[in-house]
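User: I'd like to go through this structure with you at the bench. Can you put it up?
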Amino acid sequence: MRPTLPTLLLALAATAALAHGPTPQKIDQSITIAASPEAVWDMLGPFDRIADWHPDVARSEGSGGNQEGATRRVTLRAGGTLAEGLDEWKPEARTYSYRMSDPDLTALPVSSYSATITVTPEGGGAKVAWIGRFYRGDTGNEPAEALSDEAGKAAMNRYFADGLRGLKAKVEGVATR
Amino acid sequence: MSAVPALWSKLEAPRRPGRSASPRSWRPAAPAGLALLWLTGGAALSQQGGPAVYVASQEAGTVARVDPGASAAGPALFVGPGPAGLAAGPDGTLYLTHPDHGTVTAVEARTGRVLRRLRVRGQPFGIAVSPDGTELFVGDWQAGTVSRLAAESGLVEAIVGIGREPAALVLDRAGRLFVAERGSDAVGVLDARTLTRRASVPVGWAPFALALSPAQDRLYVANVRSNDLTVIDTSSLKPLATVPSGRSPYGVAASPDGRLLLVSNQESGSVSVLDAGDLTLRERIGVGRYPEGIAVAGAHAYVANWFSADVSVIDLATLRETARLPVAEGPRAIVAIPAEMPP
């Protein structure tokens, strides 16, 4: 009998604490937004306010504001919570970097990640780049399909793409109101 | 064209018994053109002598040579999927670990020819070669062990349990093996001959990369999570100092004269240059995105930028980035060969 995903997740929960595998994977997404970089950053910048623009996020609770070392707990609509820590927040460059603090395989099937989100001018508007690096949910050499590099890539790409589309819709909606 | 699959089946690592082919197992995934490059010898990694560096691209499964002063990296030659660790033997053989596939590949640096594949248990990651080239030291990332293998046959001669997530392995001339134990926040010190543990030196959070000073009196340890560098006295095996670097230092190297330390800061996209004497910051140099491995050859340092898939070249005299050379996807490990060895 094949173990079900919940069984696998439970079995891994005890050992999955911030496992760094030997093989990192890349995420590289961007979107252009018809608004000024300032307007985009105003929406995007506050670290604990990701629920304002990310459509997959039900709520976000932060601690520490936008200071290095601040944390946020991001509860997803589909279930699961991302615990994340802020590494760097540079409003003058309109960029911040953060990383996973604790894995939650029910939220995203990855064992650790770091990411950077940046707003730059593009034409008359703005471009938002969201890049990151992650390790698959099971960093061993026999991962279940649901915890493989491919599953991690699919989930992370979907999460980033949904977020950027949500940000664009939110900002462009606000800008044209 | 039929020769390519035939060769691949010959080169293929033995499968684990009873395990069916999966997306993670070996398969002839090499683009035929690349495979043919090494079959025909038509595009060797190197055409002449002199110092050079070699960079392994994990995502692409390739290795490429970079010559000092070159305006482009050499051709990307397929060596097998997912190469992570990289070390060079005294005869110019490159050894690459493939952690997801349980293999070590031996590659002739001069030609790029795959010499042999060694089946290795677990997740081989960090690797070092004995000075005479007959033995390999390989860390198993998942199991937390270090093995000594015969470089020719891959036969395990000795194995020892160490700290969690062994990353970089470095041998010194006194026959000691230093291991960055990323998951244990320590550097393990082993006797390379007996493979017994002599000491454990506490360092920062998540040590990943190691470098010895040219005189080998200091060991430099890049701590990824505490964003700093630990300096260890190799005679007393005590940490002497801890100095901040940029964010997520993933690589460290010393200049040949021992006066400069170079630390690649993965999350900052920079290289910190420190004075090795007083450990003050001399320069912060912007490089590509997510820089990792760093190596020095001659008057330049070379940095493998994982995310942007290029190699930054740094002039050690001016401390400026002089070139950024595109390479295949996922460059992480980089190694310098001082001068080309005879074939």
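Analyst: Before the strands come up, one term: two strands pair if DSSP finds at least two bridges between them. Please also keep in mind that this is a predicted model, with an ipTM of 0.86 and a pTM of 0.87.

User: OK, so how do E2(B) and strand E3 of chain B pair?
Analyst: E2(B) and E3(B), the latter covering residues 77-78, pair in the antiparallel sense over two bridges, and in one of these contacts between strands Val63(B) has Leu77(B) as its bridge partner.

User: And what joins strand E1 of chain B to E2(B)?
Analyst: Five bridges join E1(B), residues 52-57, to E2(B), and these strands run antiparallel; Val53(B), for instance, has Val66(B) as its bridge partner. E1(B) and E2(B) form a hairpin with four residues between them, and Gly61(B) in the turn has a positive phi of about 75 degrees.

User: Is E2(B) mostly covered or open?
Analyst: Strand E2(B), residues 62-66, is mostly covered, with five of its five residues buried. In a regular strand the side chains alternate between the two faces of the sheet. Here Thr62(B), Ala64(B) and Val66(B) on one side are buried, and so are Val63(B) and Arg65(B) on the other.

User: Switching topic, how many residues of chain B are in contact with chain A?
Analyst: In the model, 16 residues of chain B contact twelve residues of chain A, and those on the chain B side divide into six nonpolar, five polar and five charged.

User: What's the mean pLDDT of chain B?
Analyst: The mean is 87, with 84% of the residues of chain B at 70 or more, although over residues 1-44 the pLDDT is below 50.

Methods. Residues numbered from 1 in each chain as written. Chains lettered and ligands numbered in written order. Predicted model: local features only at pLDDT ≥ 70, side-chain atom pairs only at ≥ 80, totals over all residues. pLDDT = per-residue confidence, 0-100. Contact = placed C-beta atoms within 7 Å. Nonpolar A, V, L, I, M, F, W, Y, C, P; charged D, E, K, R; others polar. Buried ≥ 20, exposed ≤ 12 C-beta atoms within 10 Å, placed from the backbone.
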